Protein chains: 2
Amino acid sequence: MKNLLKKFANKDRNTLSRLITLVENHDPASLKILTQLHKDTGQTHIIGITGPPGAGKSSLINQLIKHIVDHKMTVAVLATDPSSPYTGGSILGDRIRMQEQASHENVYVRSLSTRGSRGGLSRATFDALKILDAFGFDFVILETVGVGQTEVDVMHFADTVILVLVPESGDDIQTMKAGIMEIADIFVINKSDRPGADTMKRNLLELKSPYKELFIYLTQALQGKGIESLWTEILKRKKSQKIDTENESLQRREELSQIILSELEKKLHQEKTNPFRSVYKDVQKGALNPYEGAVRILKKMEKN
Amino acid sequence: MKNLLKKFANKDRNTLSRLITLVENHDPASLKILTQLHKDTGQTHIIGITGPPGAGKSSLINQLIKHIVDHKMTVAVLATDPSSPYTGGSILGDRIRMQEQASHENVYVRSLSTRGSRGGLSRATFDALKILDAFGFDFVILETVGVGQTEVDVMHFADTVILVLVPESGDDIQTMKAGIMEIADIFVINKSDRPGADTMKRNLLELKSPYKELFIYLTQALQGKGIESLWTEILKRKKSQKIDTENESLQRREELSQIILSELEKKLHQEKTNPFRSVYKDVQKGALNPYEGAVRILKKMEKN
């Protein structure tokens with residue numbers, strides 16, 4: 001592992017990819033590696049990009065990459081793919097379109113998918129962001145497919161959340177999942193040459209919360225129009241990303257809870273690693289019902 | 001609490017509603033109540049109904065309720081609403097349409113929404129199902145809005161999962177979340193008088209897994225057409241719902257893990273209830289990084 005970490009510190013891209021694969025597979029070694037890397041994190045600015053399929057997320061990402069590279073900065077694109085065989089096609093398309101910029105040396109593109117446990121993608125994304133942060137990227141662009149609950153969860157990791165819509169997205173907004181509108185920092189109405197862009201903007205302004213400034217940008221990402229002022233806002237946000245001690249300490253608590261819960265979930269799943277296997281046996285044979293078992297285990301935790 | 005449980009045993013509907021509100025609010029008392037009620041569970045047949053907005057889930061539910069009532073059986077409808085202000089409208093509409101049957105004494109309709117923690121809705125749904133089961137309903141119809149990850153999680157609680165589509169749902173299937181197609185037991189192509197129903201059926205047949213029989217029903221729920229054979233299948237499934245000891249013991253383990261993880265999540269959230277508060281303090285002040293803190297807490301759990 002020492003060797004891996006040394007190569008990583010020397011900015012070896014293959015090692016970077018290997019480490020991300022470890023967290024993607026929930027490899028037991030990843031906890032140790034992340035413990036080591038954690039001290040180098042906290043510098044990157046994470047831009048979360050979400051929105052309904054077809055809104056033009058990939059084109060927008062392409063444009064942002066151009067601006068980042070023009071400013072001699074580095075960027076990693078992390079795309080999270082819920083692992084359904086039925087979504088394979090559209091994601092592949094997005095990936096290819098992104099290739100235009102992907103070959104630049106300042107750019108690293110990676111997609112993440114996970115099978116298995118609920119919350120698994122969320123945890124893998126969290127860990128992968130830490131790795132990219134420790135590697136030293138100025139920006140990470142975090143892209144999600146769709147606007148479901150997993151996406152909302154994942155977007156909480158971003159410093160700036162951009163929700164990409166199109167003029168016709170009115171109905172989409174109706175069916176969008178809880179929280180996605182609330183956590184967006186910036187709304188982009190893409191393909192704004194189509195009818196309805198201004199109405200869309202007015203509708204968004206009506207949803208404005210009194211507690212939060214509302215940034216709306218009209219773009220035509222494919223043609224590179226309207227990106228400049230969006231980029232200026234992002235750059236401003238990166239620069240003002242001061243270390244807020246109060247907030248940072250809260251965030252560390254939150255991270256700790258995330259890690260404990262997902263590690264415990266893994267451990268509970270296998271008899272060998274399950275720290276409470278005796279209670280589990282009692283529940284399994286019906287001597288305790290699951291709620292009684294839980295009460296007993298929680299009591300054991302109290303006594304630590 | 002004794003009084004509440006007595007009223008509950010006497011089939012008091014107000015008490016039923018009160019208990020569900022307790023689990024909806026993640027009230028600390030709910031763990032005790034569920035411990036008591038657990039012995040009376042395991043009889044109900046849970047029908048999960050999911051599918052994209054506009055597919056006609058509510059009409060289908062109305063029809064199923066009719067059949068259940070005609071058979072002198074009882075049914076509870078539990079609708080899970082992710083709590084976004086932006087979806088409020090459509091859900092309200094669904095609720096009203098459901099009222100047609102809701103006044104029958106054999107029918108109980110309830111919607112569940114939760115704020116706050118990730119996985120909160122899933123846990124509240126799980127607990128509410130236990131309560132409805134203990135109350136003695138022959139069927140619970142579990143309805144979800146949309147087809148996101150939360151919905152997939154929730155559908156795992158159902159004995160029979162019905163995915164409702166329309167002839168035009170081809171594109172929806174493309175963007176549907178991981179797992180929803182895999183866990184469906186029955187596909188309903190509703191509004192089957194529209195063009196494309198047969199093509200849709202053929203496409204579904206192509207996705208068939210070799211391990212699982214594929215049930216597809218063409219319906220026009222609003223007109224009550226095609227429901228009879230679907231109902232016969234559901235009834236067959238209820239009758240053959242034998243107690244599979246192997247499976248039941250696995251399910252108990254799974255339930256236990258669910259309860260532990262969500263109870264622990266709540267406890268970790270508040271300093272007063274957090275069983276690992278000393279480690280949290282070290283992480284909060286930066287003496288340990290979150291990964292180091294997690295390793296330490298997991299070691300404490302091992303030593304129980």
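**Strand pairing and helix packing in chains A and B**

In chain A, strand β1(A) pairs in the parallel sense with strand β5 (residues 160-165) over four bridges, two strands being taken as paired if DSSP finds at least two bridges between them. The model is a predicted one, in which local features need pLDDT of at least 70 and side-chain atom pairs count only at pLDDT 80 or more, whereas totals for chains, interfaces and linings use all residues. Residues are numbered from 1 along each chain as its sequence is written, and chains are lettered from A and ligands numbered from 1 in the order in which they are written. Helices (H or I, at least four residues) and strands (E, at least two) are DSSP runs, numbered from the N terminus.

Within the pairing of β1(A) with β5(A), A:Gly48 has A:Val161 as its bridge partner. Strand β1(A) is also joined, again in the parallel sense, to strand β4 (residues 139-144) of chain A by five bridges, and here the partner of A:Ile49 is A:Glu143. Because six of the six residues of β1(A) (residues 45-50) are buried, this strand is largely enclosed by the rest of the structure; a residue is counted as buried if 20 or more other C-beta atoms, placed from the backbone, lie within 10 Å of its own, as exposed if 12 or fewer do, and as partly exposed in between. In a regular strand the side chains alternate between the two faces of the sheet. In β1(A), A:His45, A:Ile47 and A:Ile49 point one way and A:Ile46, A:Gly48 and A:Thr50 the other, and all are buried.

Chain A as a whole contains 14 helices and seven strands, and 48% of its 304 residues count as buried. Of the contacts in chain A with a separation of 6 or more, 75% are between residues 24 or more positions apart, a contact being defined by C-beta atoms, placed from the backbone, that lie within 7 Å.

In chain B, strand β5 (residues 160-165) is mostly covered, with six of its six residues buried. B:Thr160, B:Ile162 and B:Val164 point one way from β5(B), while B:Val161, B:Leu163 and B:Leu165 point the other way. Strand β5(B) runs parallel to strand β1 (residues 45-50) of chain B, to which four bridges join it, and B:Thr160 is the bridge partner of B:Ile47. Four bridges likewise join β5(B) to the parallel strand β6 (residues 186-189) of chain B, where B:Ile189 stands opposite B:Leu165.

Turning to the helices, α2 (residues 13-24) and α3 (residues 29-37) of chain A pack at an angle of about 130°, with their axes 9 Å apart; axes are lines fitted to C-alpha atoms, for helices over the stretch in contact, and angles run from 0 to 180 degrees between N-to-C directions. That angle makes α2(A) oblique to α3(A), since angles under 35 degrees count as roughly parallel, over 145 as roughly antiparallel, 65 to 115 as roughly perpendicular and the rest as oblique. In this packing, A:Leu19, A:Leu22 and A:Val23 of α2(A) meet A:Ala29, A:Ser30 and A:Ile33 of α3(A). By class, the contact has five nonpolar, one polar and no charged residues, where Ala, Val, Leu, Ile, Met, Phe, Trp, Tyr, Cys and Pro count as nonpolar, Asp, Glu, Lys and Arg as charged, and the others, Gly among them, as polar.

Helix α3(A) also packs across the chains: its axis and that of helix α14 (residues 290-302) of chain B come within 8 Å and cross at roughly 140°, and the two helices are therefore oblique to each other. A:Leu31, A:Leu34 and A:Thr35 in α3(A) meet B:Tyr291, B:Glu292 and B:Val295 in α14(B), and the residues of this contact divide into four nonpolar, one polar and one charged.

Definitions and conventions
Contact = placed C-beta atoms within 7 Å.
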